[in-house]
Amino acid sequence: MADNNQKIVVVVDDSPSLATLFERAIIDMDISLQIFDKTSAAAEYLKDNKPDLIFMNIKMPGKDGLATLKEIRKQPLHSDTLVLMISSKDYAQDRSIAKELGAIEFITKPMPIQVIKDALIKHLNF
Amino acid sequence: MSNAYLRFWGVRGSYSAPFESHLGVGGNTSCVEIRVDDHVLLCDAGTGIIPFGNEILKDPNVRELMIALTHYHWDHICGLPFFVPAFIPDWKIKFFGPGDSSLDIKNAVSAQMRAPFFPVGTETWLANIEYMDPPEENKIDHGPISFTFQSVHHPGTTFGYRIHVNGKDILYVSDNECLFLNKAIRQKYAEFSKEEKELYDAMQQEEYDAELDLIKDADILIHDAQYTPEDYRKKTGWGHSCYIDTVNTAIDAGVKELYLYHHDPNYDDDAIKIIEENALKIIDDRSSDLKCHIAKEGLTVEL
């Protein structure tokens, strides 16, 4: 159960190793990590929950991360939810679509753990 | 027994290549017909759909078809403004492709036919046009043909299709950069800590497993093989595969038959012949049973 000050961070990525990278990154931070390996499960969770930050992979089984972001942006609850893309699809077109959908940053895989830490500190005001 | 086949109407990527030196392989851009009796599924609508459209008009039994678009890059849709059945009232044409809704697909298909890019818009199409909403389950049926879709590694949302016909699985993956993440990891590997290296080692395996899952056990795989290693070095990150990666991945995934597809328009028949010879050598060196062919315009494969 999250305490009052604990930040909630959602990670949508089908890679167990990526999930471990995040688990290592949040050590010493008061963060509750919610990890989803399917965009459909993340979308279901996000119907009723507004995390402090979402990290969204693009190439995913089923609906991809860009389509999922478009879908959740339609909900008033998430019109201003902070979303960072995290993907190896470092293509100008993907960056441009992500930006149009209000993603605040585009982190290119692979990245050191410190890059995740820096993003958490920056966007969660630690 | 049904009459079932696939036929390549366009095999080029990027742009058409109607040059004498290229016509052994073919000059039209992406379009593959999959047919079972009077049911027709077209994969992509590059310039190859134009001769297909002219030919199918002669067949009185077919007045309905489905077009599954992998994405909306120009080489995959640029035949549509010249696709004659769309302009004839007694035709019914269904479109499917990436998008949140039928409206997304309609907008993407229509965009290239707006002024000032083209003199008439899709509103002049007289056929019964249906843009399909994404299905609740990942499966679409078109008579005896069914297919599922999966995002692949190419700019924007791009689908690969697994098409089930006559008990066979045909994988149509026109645009996909094989193993891009793995290459990116190898490039940055020295910068990582020991802990990060261990995790990225595991991630490389995960990524490869996902690539293999995409095409696993395909009876027929039609896959992006746009570049030679020399050109791939210059164009890494453009969303297309080096044919060597395509062949090796197909072998590892247990694919039975591979058609190297989406040929670079700069490659003439001689250049593609060398690609074929090299691909066959890889298969031989690896003692694989994979059958490998160059996708050529007009080539028909019985299903």
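Colleague: How many helices and strands does chain A have?
Modeller: This is a predicted model. From the N terminus on, the elements of chain A run β-α-β-α-β-α-β-α-β-α. Count each kind, and you reach 5 helices and 5 strands.

Colleague: What is the radius of gyration of chain A, and how does it stand against the globule rule?
Modeller: The globule rule gives 14 Å for 126 residues. The value for chain A is close to that, so chain A is as compact as a globular protein of that length. Along its principal axes, the C-alpha trace spans about 35 × 30 × 25 Å. The radius of gyration itself is 13 Å.

Colleague: What share of the residues in chain A is buried?
Modeller: A residue counts as buried if 20 or more other C-beta atoms lie within 10 Å of its own. Apply that to the 126 residues of chain A. The buried share is 40%.

Colleague: Among contacts in chain A between residues at least 6 apart in sequence, what share joins residues at least 24 apart?
Modeller: Two residues are in contact if their C-beta atoms lie within 7 Å. Take the contacts in chain A between residues at least 6 apart in sequence. Those joining residues at least 24 apart make up 62%.

Colleague: Now to chain B. Which strands stand at the edges of its sheet?
Modeller: In chain B, 7 strands form an open sheet with mixed pairing, in the order 7-8-9-10-11-12-13. An edge strand has a single partner strand, so one side of it is left without a neighbour in the sheet. That holds for strand 7 (140-142) and strand 13 (291-294).

Colleague: In strand 8 of chain B, which residue is the bridge partner of D141(B)?
Modeller: Strands of a sheet pair through backbone hydrogen bonds, either parallel or antiparallel. Strand 7 and strand 8 (residues 145-151) of chain B pair in the antiparallel sense over 3 bridges. In strand 8, the partner of D141(B) is S146(B).

Colleague: Which helix of chain B packs on the sheet, touching strand 12 and strand 13?
Modeller: Strand 12 covers 257-261. The direction of the helix makes about 175° with that of strand 13 of chain B. The helix spans residues 269-285 and is helix 7.

Colleague: Which element gives the most to the side of chain B that touches chain A?
Modeller: The contact takes 23 residues from chain B and 26 residues from chain A. On the chain B side, helix 3 (180-188) and helix 4 (194-215) are the elements that give two or more residues. By class, that side has 10 nonpolar, 7 polar and 6 charged residues. The top contributor, with 7 residues, is helix 4 of chain B.

Technical notes:
Residues numbered from 1 in each chain as written. Chains lettered and ligands numbered in written order. Predicted model: local features only at pLDDT ≥ 70, side-chain atom pairs only at ≥ 80, totals over all residues. Pairing = 2+ DSSP bridges. Helix = DSSP H or I, 4+ residues; strand = E, 2+ residues; numbered from the N terminus. Axes fitted to C-alpha atoms, helices over the stretch in contact; angles between N-to-C directions. Nonpolar A, V, L, I, M, F, W, Y, C, P; charged D, E, K, R; others polar. Rg over C-alpha atoms; globule rule 2.2 N^0.38 Å. Buried ≥ 20, exposed ≤ 12 C-beta atoms within 10 Å, placed from the backbone.
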